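Got your viewer open? Let's take a stroll through this one, stop by stop.

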Number of protein chains: 2
Amino acid sequence: MTSDSVTASIPLSTVDAWWRAANYLSVGQIYLMGDPLLRKPLDREGIKPRLLGHWGTSPALSLVYAHLNRVIVEKGVPTIYVCGPGHGGPAMVANTWLDGTYSELFPDVTPDEAGLRRLVRQFSFPGGIPSHAAPETPGSINEGGELGYSLMHAYGAALDNPGLVVACVIGDGEAETGPLATSWWGNAFLDPRTDGAVLPILNLNGYKIANPTLLARIPEEQLVEFFHGHGYEPILVTGGFDGEDPMRVHERMAAALDEAYDRICRIWTSARDAETLADRTTEKPPVIVLRTPKGWTGPVEVDGAPVENTFHAHQVPLSGVRDDPDHLAQLERWLRSYRPEELFEADGTPTSVLDALRPVGGMRMSASLHTNGGTVAPLDLPEITPHAVPSDREGGADVGATGVFGEWLRHVVAMNPSTFRLFGPDEVASNRLQAVFEETDRAWQLPTLPTDEHLATDGRVIEALSEHLMQGMLEGYLLTGRHGLITSYEAFVHIVDSMFNQHAKWIESASTVRWRKPIPSLTYLLSSHVWRQDHNGFSHQDPGFLGVVVNKSAEVVRVYLPPDANTLLVTMADVFRTENRVNVVVAGKQEQPSWLSLEEARAHVAAGASAWDWAGTAAPLGLPGAEDPDVVIACAGDVPTFEAIAAAQLLRERVPELRVRVVNVTDLMKLQDPDHHPHGLSDEDFDALFTTDRPVIFAFHGYPSLVHQLTYRRTNHANIHVRGFIEKGTTTTPFDMVHLNDLDRYRLALDVLHRVPGLEAKPGMRRLADEWNQARTEARAYAYEHGEDPSWITDRRFER
Amino acid sequence: MTSDSVTASIPLSTVDAWWRAANYLSVGQIYLMGDPLLRKPLDREGIKPRLLGHWGTSPALSLVYAHLNRVIVEKGVPTIYVCGPGHGGPAMVANTWLDGTYSELFPDVTPDEAGLRRLVRQFSFPGGIPSHAAPETPGSINEGGELGYSLMHAYGAALDNPGLVVACVIGDGEAETGPLATSWWGNAFLDPRTDGAVLPILNLNGYKIANPTLLARIPEEQLVEFFHGHGYEPILVTGGFDGEDPMRVHERMAAALDEAYDRICRIWTSARDAETLADRTTEKPPVIVLRTPKGWTGPVEVDGAPVENTFHAHQVPLSGVRDDPDHLAQLERWLRSYRPEELFEADGTPTSVLDALRPVGGMRMSASLHTNGGTVAPLDLPEITPHAVPSDREGGADVGATGVFGEWLRHVVAMNPSTFRLFGPDEVASNRLQAVFEETDRAWQLPTLPTDEHLATDGRVIEALSEHLMQGMLEGYLLTGRHGLITSYEAFVHIVDSMFNQHAKWIESASTVRWRKPIPSLTYLLSSHVWRQDHNGFSHQDPGFLGVVVNKSAEVVRVYLPPDANTLLVTMADVFRTENRVNVVVAGKQEQPSWLSLEEARAHVAAGASAWDWAGTAAPLGLPGAEDPDVVIACAGDVPTFEAIAAAQLLRERVPELRVRVVNVTDLMKLQDPDHHPHGLSDEDFDALFTTDRPVIFAFHGYPSLVHQLTYRRTNHANIHVRGFIEKGTTTTPFDMVHLNDLDRYRLALDVLHRVPGLEAKPGMRRLADEWNQARTEARAYAYEHGEDPSWITDRRFER
């Protein structure tokens with residue numbers, strides 16, 4: 001399965017020299033404090049006091065790097081390098097320094113001995129650089145921390161980059177994760193006509209931290225079937241075992257890469273020349289399986305125990321080097337085995353022999369524009385005005401917010417035909433964004449049937465039943481400078497909690513890296529949310545993602561709970577213009593009133609939180625008496641807003657003299673104080689809205705504790721009483737869901753009754769409490785009898 | 001690949017009758033309100049007002065059920081049914097009613113017409129049962145909500161159940177998820193000598209909600225390679241397309257199951273008879289690929305558009321049946337096509353023809369003891385006394401808490417040789433639990449090498465680099481009544497946030513199901529936590545899982561932050577005795593002081609939070625003056641505790657007259673009020689510890705907001721000032737981590753200085769503030785220079 005014809009114009013001895021230099025510098029970064037070129041015999045003071053880093057994966061990472069450089073120089077195919085085993089940070093740093101990029105981006109790490117001294121010292125050192133490939137690493141779009149996302153990042157990066165090869169090294173440890181395991185199917189979505197190619201390179205070094213790996217231990221014929229089964233043609237490269245001369249491995253690796261690139265180019269050419277799908281080649285995309293010893297070229301044994309090609313090579317093969325003269329000597333032999341004197345000039349610059357292997361400018365993988373935010377302009381956004389709906393008070397009918405948004409989104413797709421993508425775990429239509437299918441299709445390279453709907457090789461929508469894969473491909477797309485949106489059921493977005501975490505951390509770290517361009521924001525549209533999963537039941541009812549989100553850096557995270565269709569439109573048009581953010585937008589798909597006209601929605605979104613005077617009975621802010629409402633009914637989220645407005649209406653009918661202010665919060669972070677979040681309302685503004693001493697009944701979309709967490713510093717916090725999801729759910733009716741969680745209009749009105757002094761003494765109020773309890777009970781009884789809510793629940797045409 | 005010899009003593013016509021009855025009842029549950037046997041012509045009133053449910057997957061679920069019943073009756077092999085497409089709830093309910101189990105467990109759903117009326121009405125109906133397979137479903141151990149976990153649950157269930165076949169139906173939608181994709185490798189851990197078998201049955205019905213599925217569209221030979229690649233021998237069953245007579249499919253399915261069970265039994269027998277590993281058969285375990293039309297036997301077309309065998313069959317194929325007479329008529333034809341008059345006796349009981357297909361008692365899959373908490377006794381736990389370490393004040397040396405726990409855990413493993421398992425994502429040794437390998441090994445069925453360590457076919461430890469797979473197998477093990485522990489890096493446990501959510505919801509729901517036995521608790525040991533990932537950097541620093549956990553039902557969740565080794569021992573011995581809980585225990589692996597003797601640790605764990613009088617300067621609780629400390633320094637988590645004690649020591653040295661009370665919280669839920677959590681301290685006890693009006697400086701392991709979220713109702717909340725992780729991290733030293741996040745001893749002492757009235761006026765205090773700031777700065781400068789913390793940071797032999 002390996003080709004044996006190589007026509008290398010760059011001698012493989014040069015590739016080997018690069019590889020040795022990178023290996024030398026990898027070991028150097030793990031161990032050395034000074035004297036990076038070993039001018040003197042190695043001594044205690046030259047060794048770092050704390051030995052950190054991952055040696056085991058580094059040699060293979062550098063082997064791939066050196067060989068990719070050869071291919072780029074020889075074939076001129078733009079290529080980027082996604083490093084799955086990113087904990088091999090020393091290798092990635094070493095190669096990007098050899099590329100020259102590192103010194104260009106970090107001018108104090110010069111391409112000479114002084115720079116090398118900084119280079120080795122800074123690695124995994126306080127005040128230095130992380131131990132893993134990270135935003136600080138040139139050419140990286142994949143953090144080397146939590147494993148599993150390299151291949152999905154690669155597939156996302158390749159979308160709409162038709163000339164690009166995304167080489168993706170995957171460790172055999174990472175290959176065991178669920179997200180990686182399903183990423184192999186990324187090939188079902190990449191159109192070889194309009195997209196680039198992903199070249200997965202699975203490095204079987206055999207071991208994880210302390211265990212062998214599964215894929216390294218299955219028989220080779222099974223491994224071949226594994227890849228055939230996923231639609232790839234594997235190219236196997238095995239070598240370096242039992243002291244095999246690396247030059248033999250270089251020959252095999254060069255041949256394998258030539259074969260892989262030739263295959264990719266044939267697939268591209270065929271797809272681009274073909275007039276019909278049937279004319280395209282059926283050749284499968286290549287995957288390279290590179291089987292090399294863990295810690296290859298490192299110590300074979302330490303203290304008589306095998307290290308190379310065992311899991312003991314995972315991190316630092318030689319420990320206690322400062323205090324163990326034998327280990328110190330072994331380290332020096334190891335370092336000198338790379339023959340540094342051949343690899344560096346007298347002043348410490350890399351030997352000029354390596355020049356031939358260094359691609360020019362942005363063709364260097366470490367300097368690719370793609371991996372630094374790409375080259376894409378801001379989104380071209382359609383006007384929202386034509387899509388706005390008349391508000392309820394303007395006589396508008398009920399509409400589903402996401403459906404209205406979908407009509408606008410359709411035009412976003414149309415106006416950005418190669419720089420915007422929509423991703424969803426088989427829920428784009430379920431979340432009512434199906435209008436986009438008037439404009440485009442779902443990407444799909446597998447066979448189709450006449451009964452299929454909206455499938456095409458070059459569709460702009462990507463759907464697979466994996467939140468992981470969808471989020472990861474979107475991340476890869478964003479990290480390379482393009483734009484997108486992911487939609488998910490609210491409960492199941494928890495599946496990608498950790499991916500959100502890692503992406504938010506990436507953005508936060510990247511924004512401190514001077515040369516990193518900002519990237520388009522990651523925006524979630526969470527629909528099918530907790531309150532309208534009454535039919536799907538308890539497992540589908542979970543608003544906890546918001547709590548995960550607000551823990552991350554305030555510079556990065558934004559949370560929006562637009563209460564209606566126009567507010568959603570304005571919000572999305574805003575967030576689509578942001579960079580370096582994670583925007584979480586929760587909006588319902590069910591029909592409901594549009595509370596705000598477009599103009600009102602614009603003002604509301606700009607404010608983030610405002611009093612809806614028309615919904616309450618208190619004097620409007622700024623008018624006489626405004627400072628003195630009896631109670632504030634606050635709300636955030638579409639269903640809580642509906643109940644809050646209904647509660648205010650009930651109170652208006654029964655106690656017209658009660659001064660009720662209704663406040664809607666659409667930008668959740670307005671609640672937090674401005675010291676903690678840049679969107680936070682000033683205390684003055686917060687106090688003006690929520691008062692300093694009146695009861696606040698807060699109807700909230702998520703867990704009540706989140707509102708307390710955000711507002712605990714506010715003057716009036718002790719008077720804020722929050723109703724929200726309290727983990728009560730089942731398969732029932734929409735009203736029974738709010739009833740079960742004490743968020744219904746009657747409960748809210750009773751909360752007011754119990755908290756406004758003197759209200760219970762008003763004529764008839766005690767009777768009203770009984771009436772309201774009876775109404776809740778009757779509503780449930782009706783639902784249990786008839787299977788749906790009584791019409792007087794859903795008819796909200798109450799007088800205003 | 002399919003066998004064609006079937007020796008069925010039960011006629012396949014009986015299997016077909018069962019299948020038709022189950023299909024009839026599935027449709028009935030989706031549509032019918034009354035008259036379940038269609039005694040009268042179907043009319044509007046007989047139709048539910050809200051049509052909910054998933055028809056598409058149901059026929060195949062019932063086909064498998066009926067055929068498994070045949071195998072169980074004929075072969076006598078105990079079998080359970082894990083239903084991946086659990087949203088096919090109607091099918092699972094129908095089959096368990098036909099089994100008789102449903103009526104035994106829910107006596108009002110009798111095995112007659114009256115019971116059938118309740119059965120069809122209750123489905124997805126307010127006050128009824130969930131629309132998905134759920135804890136309420138007899139024989140279920142897999143919630144049909146969030147997809148992806150069926151096969152890992154199956155593998156967990158099969159462990160240590162050597163006679164059991166766990167049949168696991170996997171939808172082709174679910175098969176696209178990451179967790180499912182890596183679950184195929186469960187076969188690498190199952191020992192055919194000591195464990196049962198998993199029989200995966202992949203149902204390719206071709207479609208998800210609105211898309212075709214990947215596995216259904218790849219060529220069949222690729223599918224075969226896919227399974228060979230994962231180490232299975234696929235048995236292909238295709239049928240039911242284009243109106244094919246179901247009897248032909250029954251023949252194929254019966255043959256396939258016979259072949260699969262025969263193969264499983266051969267593998268079992270060979271492994272159990274073999275004297276050495278080499279003597280075992282190399283036969284691969286079977287997987288059945290069942291390719292049938294989505295919505296098979298349902299409407300072929302509706303309103304002229306194809307439905308059967310398209311995604312339109314996913315949920316309710318015929319809509320608006322109440323108001324559309326054509327649809328109503330089509331529904332009636334559909335229902336009557338199953339010939340209910342042949343399937344039910346006059347009184348509505350299932351026809352006696354089906355009796356032959358009904359296994360006896362607990363052999364029914366719906367009545368298996370395994371799926372209802374199993375038959376296992378509580379864990380046999382070793383004494384902890386021999387493992388306790390002397391406390392620091394008793395002259396004990398620093399120890400790593402998890403290492404001490406590991407020595408005890410080793411004995412837990414030994415004393416429960418077939419009912420306790422340890423699961424970890426390649427981090428058991430990294431988290432310092434390696435003592436267990438003195439007693440057992442890691443389970444591993446793949447080839448081994450001489451350099452391997454601690455691998456054996458029947459090891460009690462399971463490790464793969466997938467948090468998903470480890471958590472899912474443990475869940476399956478617990479749900480079938482056995483015991484276990486999962487260990488993970490703290491940051492990466494977020495990977496299974498959603499699995500935790502779903503499991504917690506399962507427990508909460510299951511505890512309301514009268515006949516469900518409690519199951520052993522799910523216990524997490526999170527080590528390598530946020531404060532000691534200084535070497536791995538920002539991506540490894542995340543304490544947010546605690547916030548996810550506390551959102552779930554207070555009846556279920558418990559969070560422990562034992563500050564030292566003895567406290568960890570006592571905590572683990574306690575939580576290993578619990579049922580129906582999720583216990584989250586965070587403990588460090590690094591060497592640190594043991595603050596408490598075993599006796600003190602027992603008292604502290606029993607209290608959950610207590611004043612450590614020896615660490616402070618205030619009068620002990622209960623003694624004169626105790627009510628009047630100047631300040632409370634509270635702490636939770638091992639590193640914050642270290643800093644808090646150091647801060648108290650600093651203050652004692654500088655301001656000996658200051659009355660400082662040190663409070664350690666080891667049971668986090670003690671902070672919440674007892675209305676919100678059963679562990680919550682009474683307000684009286686809380687106020688006694690934390691005072692009602694003195695400043696409380698709280699050094700917390702996680703995000704500070706979590707403490708506010710838990711304590712916002714407490715009297716003294718406004719005076720609680722929390723320091724914790726504020727998302728500041730990188731690769732640095734341990735002390736720099738606390739410094740970066742303002743959690744270090746100096747910052748805590750300054751917080752006291754700023755909050756205790758009059759303290760700044762004390763002689764020398766202003767100077768001390770400068771000194772302390774200088775100390776922090778010097779510590780960082782030293783670290784940046786030398787790569788490690790200065791010794792005066794880590795030497796905590798300060799006077800006490």
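**First stop: a covered strand in chain B**

Select strand 16 of chain B and look at its side chains: B:V582, B:V584 and B:V586 point one way, B:N583 and B:V585 point the other way, and all are buried. Here "buried" takes 20 or more other C-beta atoms within 10 Å of the residue's own, 12 or fewer makes a residue exposed, anything in between is partly exposed, and the C-beta atoms are placed from the backbone. Strands (E, at least two residues) and helices (H or I, at least four) are DSSP runs, numbered from the N terminus. Strand 16 of chain B covers residues 582-586, and five of its five residues are buried. In a regular strand, side chains alternate between the two faces of the sheet.

Before moving on, a word on what you're looking at: this is a predicted model, where local features need pLDDT of at least 70 and side-chain atom pairs count only at pLDDT 80 or more, while totals for chains, interfaces and linings use all residues. Residues are numbered from 1 along each chain as its sequence is written, and chains are lettered from A and ligands numbered from 1 in the order in which they are written.

**Its neighbours**

Now add strand 14 (residues 522-527) of chain B, which pairs with strand 16 of chain B in the parallel sense over five bridges; to count as a pair, two strands need at least two bridges found by DSSP. Zoom in on B:L525 and you'll find B:V585 of strand 16 opposite.

Next, pick strand 15 (residues 557-560) of chain B, which runs parallel to strand 16 of chain B and is joined to it by four bridges. B:V557 has B:V582 as its bridge partner there. How does the chain cross from strand 15 of chain B to strand 16 of chain B? Trace it through helix 17 (residues 565-575) of chain B: this β-α-β crossover is right-handed, meaning that with the strands pointing away from the viewer, the path from the first strand over the helix to the second runs clockwise.

**Over to chain A**

Select strand 15 (residues 557-560) of chain A. Both of its faces are covered, with A:V557 and A:V559 buried on one side and A:R558 and A:Y560 buried on the other. Further along the chain, a five-stranded open sheet has the order 18-20-19-21-22 in chain A, with mixed pairing. Its edge strands, pairing on one side only, are strand 18 (609-611) and strand 22 (720-723) of chain A. Within that sheet, strand 19 (residues 631-636) and strand 20 (residues 660-665) of chain A pair in the parallel sense over five bridges, and A:V632 stands opposite A:R661.

**Last stop: where the chains meet**

Show both chains. A rotation of 180° with 0.0 Å of shift along its axis superposes chain B on chain A, with an RMSD of 0.0 Å; the fit is by least squares on the C-alpha atoms of residues with pLDDT of at least 70 in both copies. That is the relation of a two-fold axis. In chain B, the C-alpha nearest the axis belongs to B:G178, 2.0 Å from it.

Now colour the contacts: 94 residues of chain B are in contact with 94 residues of chain A, where contact means C-beta atoms, placed from the backbone, within 7 Å. Which helix gives the most to the side of chain B that touches chain A? Select helix 15 of chain B, which gives six residues.

Methods. Two residues are in contact if their C-beta atoms, placed from the backbone, lie within 7 Å.
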